[in-house]
Amino acid sequence: MASTDASVNADLAGLEAGLDALETRQRTRTPFRQTFVQKVLPPAVAVLLVLAVWQALVSFEIVDDPTKLPSPGAVWDVLHQAWLQGELLGYIWTSVSRGLLGFFFALLIGTPLGLLVARVKVIRAAIGPILSGLQSLPSVAWVPPAVIWLGLNNSMMYAVILLGAVPSIANGLVSGVSQVPPLFLRAGRTLGATGLKGTWHIVLPAALPGYVAGLKQGWAFSWRSLMAAEIIASFPDLGIGLGQLLENGRNASDMAMVFEAILLILTVGIAIDLLIFSPLERWVLRSRGLLVTN
């Protein structure tokens, strides 16, 4: 009997040691060299390859018309000139400030709307298909009615962002809530977490992965909606954002300026994702033990 107890205790001790080792391994900081090789080097090499192919198309005169494809050096000169004139940061800030503020308003509207649709069956049956349809509607379709309703001003820009982002945020939360195990809800009710308490302490934390995915998609829709609004509804009093910079380059048949705007739009979109949403997503996955680190 004593030998059996000793064997069980040894097994439990081994299991505990294994769990401690696993937890210690997950918390070990990844060496910089490994991070550089796995995460920094691949995209850097990809960018260099794109630039090399781009330069080759120009150098070997595969595309010999600079009005159609400027060289990387010509685009860099335009970027550098805009920086020296103090205009580059203004272009970026005009669009980024609009995009982030519009996304914040979309977050305030889309989150409670998603909870209502997810938790109230009647509302889900009535509004759920409409949200899905709105999510599939191109953002550019909202620009003409927004201009007619609100005029050429910042309110029109924010309205287009809201109409593009709110359905994505709400649908992401609905998807996350739908994936919450019923056992969690029953356990919460048993412990007295009902109504708003249950939503705050049980539903939202459990639905967080789907909600974060909806936020990422909502930002993508916000940024694309804003660019569409700035391109179509350009007006001097609105300031020059990245979308209007792109439209100015088209009107002037200046392909270097067009590529400048495209690169800035792409860079800002990637930067926002890397600085805000990717760390948020990693934190959510790590807190649930879903992020495996070697």
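Here is a chat between two colleagues about a predicted model.

Colleague: Before we start, what are the ground rules for this model?
Modeller: Residues are numbered from 1 along each chain as its sequence is written, and side-chain values use heavy atoms, with hydrogens and water left out. As this is a predicted model, totals for chains, interfaces and linings use all residues, local features need pLDDT of at least 70, and side-chain atom pairs count only at pLDDT 80 or more.

Colleague: How many helices and strands does the protein have?
Modeller: Helices here are DSSP runs of H or I with at least four residues, strands are runs of E with at least two, and both are numbered from the N terminus. Along the sequence the pattern reads α-α-α-α-α-α-α-α-α-α-α-α. The tally is 12 helices and zero strands.

Colleague: What pLDDT does the protein average?
Modeller: pLDDT is the predictor's confidence in each residue, from 0 to 100. In this protein, 86% of the residues score at least 70. The average is 82.

Colleague: Where does pLDDT stay under 50?
Modeller: The stretch in question has three contacts in the model beyond four places in sequence, a contact being heavy atoms within 4.5 Å. Where pLDDT is low, the predicted coordinates should not be read in detail. The stretch is residues 19-26.

Colleague: What share of the residues count as buried?
Modeller: Buried means under 20% relative accessible area, exposed means over 50%, and partly exposed is in between, with a 1.4 Å probe and protein chains only. The accessible surface comes to about 17600 Å², with 68% of that belonging to carbon and sulfur atoms. Of the 294 residues, the buried share is 33%.

Colleague: And of the contacts with a separation of 6 or more, what percentage joins residues 24 or more positions apart?
Modeller: That one is a plain count over the protein's contacts. The figure is 71%.

Colleague: On to α7: how far apart are its end C-alpha atoms?
Modeller: Helix α7 covers residues 154-178, which makes 25 residues. The expected span is 1.5 Å times one less than the number of residues, so α7 should span 36 Å. The model agrees, with the ends apart by 36 Å.

Colleague: Which residue marks the kink in α7?
Modeller: The bend at a residue is the angle between axes fitted to the seven residues ending there and the seven starting there. In α7 the kink is about 30°, shortly before the proline Pro167. The residue is Ala165.

Colleague: How many residues of α7 are buried?
Modeller: α7 is mostly covered. Ala170, in this helix, has a relative accessible area of 0% and is in contact with Gly110, Leu113, Gly114 and Leu131, neighbours within four places aside. For the helix, the count is 19 of 25.

Colleague: At the start of α7, which residue's side-chain oxygen reaches the backbone nitrogen of Ser155?
Modeller: The oxygen comes to within 3.1 Å of that nitrogen. The residue is Asn153.

Colleague: Is Arg98 in α4 buried or exposed, and what does its side chain pair with?
Modeller: Arg98 sits in α4, residues 88-119, and at 4% relative accessibility it counts as buried. Beyond four places in sequence, its contacts include Met157, Tyr158 and Glu230. A polar contact is a pair of N or O atoms within 3.5 Å; within protein, one must be able to donate a hydrogen and the other to accept it, and residues adjacent in sequence count only if both atoms are side-chain atoms. At 3.0 Å, the side-chain partner of Arg98 is Asn154.

Colleague: What is the relative accessible area of Glu230?
Modeller: Glu230 lies in helix α10, residues 208-232. Leaving aside neighbours within four places, its contacts include Ser95, Arg98 and Met157. Glu230 is buried, with a relative accessible area of 2%.

Colleague: Which residue has a positive phi although it is not a glycine?
Modeller: The phi is about 55°. The residue lies in the loop between α11 (242-251) and α12 (255-287), and at 58% relative accessibility it counts as exposed. It is Ser253.

Colleague: How far is the C-alpha of Asp254 from that of Pro66?
Modeller: Asp254 is in the loop between α11 and α12, and counts as partly exposed at 28% relative accessibility. Asp254 and Pro66 are 188 residues apart along the chain. Their C-alpha atoms are separated by 9.4 Å.

Terms used. Accessible areas come from the Shrake-Rupley method with a 1.4 Å probe; for residues, only the protein chains shown count as cover.
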